[in-house]
Amino acid sequence: MVVVMKAGATKEDVDRVVQKVKEAGGDAHIVVGEFKTIVGLVGDTERFMELPLTSLPGVESVVRIGKPYKLVSRSAHPTLTDVKVGPASVSRRTFSLIAGPCAVESLEQSMAAAMASKAAGATILRGGAYKPRTSPYTFQGLGIEGLEILAECRKETGLPILTEVVDARDVEIVAQWADALQIGTRNMQNFQLLAEVGKTGKPVMLKRGFAATIEEWLMAAEYIAREGNLDIILCERGIRTFEPWTRNTLDLAGMVVAQNESHLPVVVDPSHAKGKRSLVEPMARAALAAGADGVMVDVHHHPDEALVDGAQALEPNDLTRLGAELAALSHAVGRPFASEI
Ligand code: PEP
Ligand code: MN
């Protein structure tokens, strides 16, 4: 962090800044230029941010240089993180397919989705037992019964399960059943929930808030990391813009920025980003081409009867085709398809 002094700032003005910084436990380096003096601050940036430096006499501006996210930042942690989810791994070195029902509705429906996912090359089964719904009058998920169904699907297919937790009070029970916990777009800034999932030590998929900046997304990941859990998979799932036809705008450039800024794997959810089946496959292919570490897609054997998000669910045949396309494309870009290793 640096403090830029005004052109006419006096030595006393500079000394006052240095004194404040030292009182806060930091150190200051003064660089006297031809027109302006710059004071470089060394120490705890978060503490310096709390100081009223901008209102001191002679101060022009305060510029933050270090990243506000530390534990998840690539500069602080250059080794890329592979996140293990049961026997699977989500990593920058491979391309992962994560698939499953949007919501767990019944054993029959979830098992059909799980089998189709496995056959298509998925290495992780997704499925919501607790659903965050815009309307309180719609299906909210089966809760614990849904977790039991997911466990049955895991037993049958061997796929580890990733499932959403929407309330801090449910973290313990969901963590008992799940291999990985999902934080959905609506809860990205539910800081208490983030800390609770961080404490479980289970891998966490953190979806980007639909109106969150990349920095806010990374700061949310920092809340999980701060509990000592770096097993975080970031998931870009579209952000809200002015265009309703494509539901959300899939921010593939944001996915790349998140990869560059952090050491965490970053996957893309084209199903929730687009809300329409016809857009899921093209966006999944685009995500792979742009370098995503995986995609997560919804599948349902009777999408017309789905209780949640049927319009975006792929049918098993579509998923099989998509899996084959993604495998071929990942070979083409020299990246192993996770289910093949
Ligand atoms: C989901 O993946 O089931 C989900 C609800 O997604 P999002 O939080 O991205 O809307
Ligand atoms: Mn959904």
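The second largest cavity of this predicted model has a volume of about 30 Å³. Its lining consists of Arg126, Gly127, Gly128, Lys131, Leu162, Glu164 and Gln182. By class, that lining holds one nonpolar, three polar and three charged residues. Leu162 is the nonpolar member, because leucine counts as nonpolar whereas glycine and glutamine count as polar. The charged members are Arg126, Lys131 and Glu164.

The largest cavity encloses about 40 Å³ of space. Pro101, Cys102, Asp298, Val299, His300, Ala306, Val308, Asp309, Gly310 and Ala313 line this cavity. Here the classes divide into six nonpolar, two polar and two charged residues. Asp298 and Asp309 supply the charge. His300 and Gly310 are the polar pair. In total, two cavities reach 30 Å³ or more.

Ligand 1 shares part of its surroundings with the second largest cavity. Arg126, Lys131, Glu164 and Gln182 belong to the shell around ligand 1, and these four residues also appear in the cavity lining. The shell further includes Gly184, Thr185, Arg186, Lys207, Arg237 and His272. By class, the shell has no nonpolar residues, four polar residues and six charged residues. Gln182, Gly184, Thr185 and His272 make up the polar group. The charged group comprises Arg126, Lys131, Glu164, Arg186, Lys207 and Arg237.

Three side chains of the shell were examined for polar contacts with oxygen atoms of ligand 1. For Arg237, an N or O atom of the side chain is 2.6 Å from a ligand oxygen. For Arg126, a polar side-chain atom lies 2.7 Å from an oxygen of ligand 1. For His272, the corresponding separation between a side-chain N or O atom and a ligand oxygen is 3.5 Å. Ligand 1 taken alone exposes 290 Å², and the protein buries 96% of that area.

The domain assignment divides the protein into two parts. Domain 1 spans residues 2–63, and domain 2 spans residues 83–340. Their C-alpha centres lie 45 Å apart. The residues around ligand 1, from Arg126 to His272, fall within the bounds of domain 2. The lining residues of the largest cavity, from Pro101 to Ala313, also fall within domain 2.

Terms used: Residues are numbered from 1 along each chain as its sequence is written. Chains are lettered from A and ligands numbered from 1 in the order in which they are written. This is a predicted model: local features need pLDDT of at least 70, side-chain atom pairs count only at pLDDT 80 or more; totals for chains, interfaces and linings use all residues. Side-chain values use heavy atoms; hydrogens and water are left out. A residue is near a molecule or strand if one of its heavy atoms lies within 4 Å of it. A polar contact is a pair of N or O atoms within 3.5 Å; within protein, one must be able to donate a hydrogen and the other to accept it, and residues adjacent in sequence count only if both atoms are side-chain atoms. Accessible areas come from the Shrake-Rupley method with a 1.4 Å probe; for residues, only the protein chains shown count as cover. On a 1 Å grid over the protein atoms alone, a cavity is a set of points where a 1.4 Å probe fits but cannot get out, and a pocket is an open set with protein on both sides within 12 Å along at least five of seven lines; lining residues have an atom within 4 Å of a point. Grid points are joined across faces, edges and corners, and a volume is the space filled by probe spheres set on the points. Domain bounds come from an automatic or database domain assignment.
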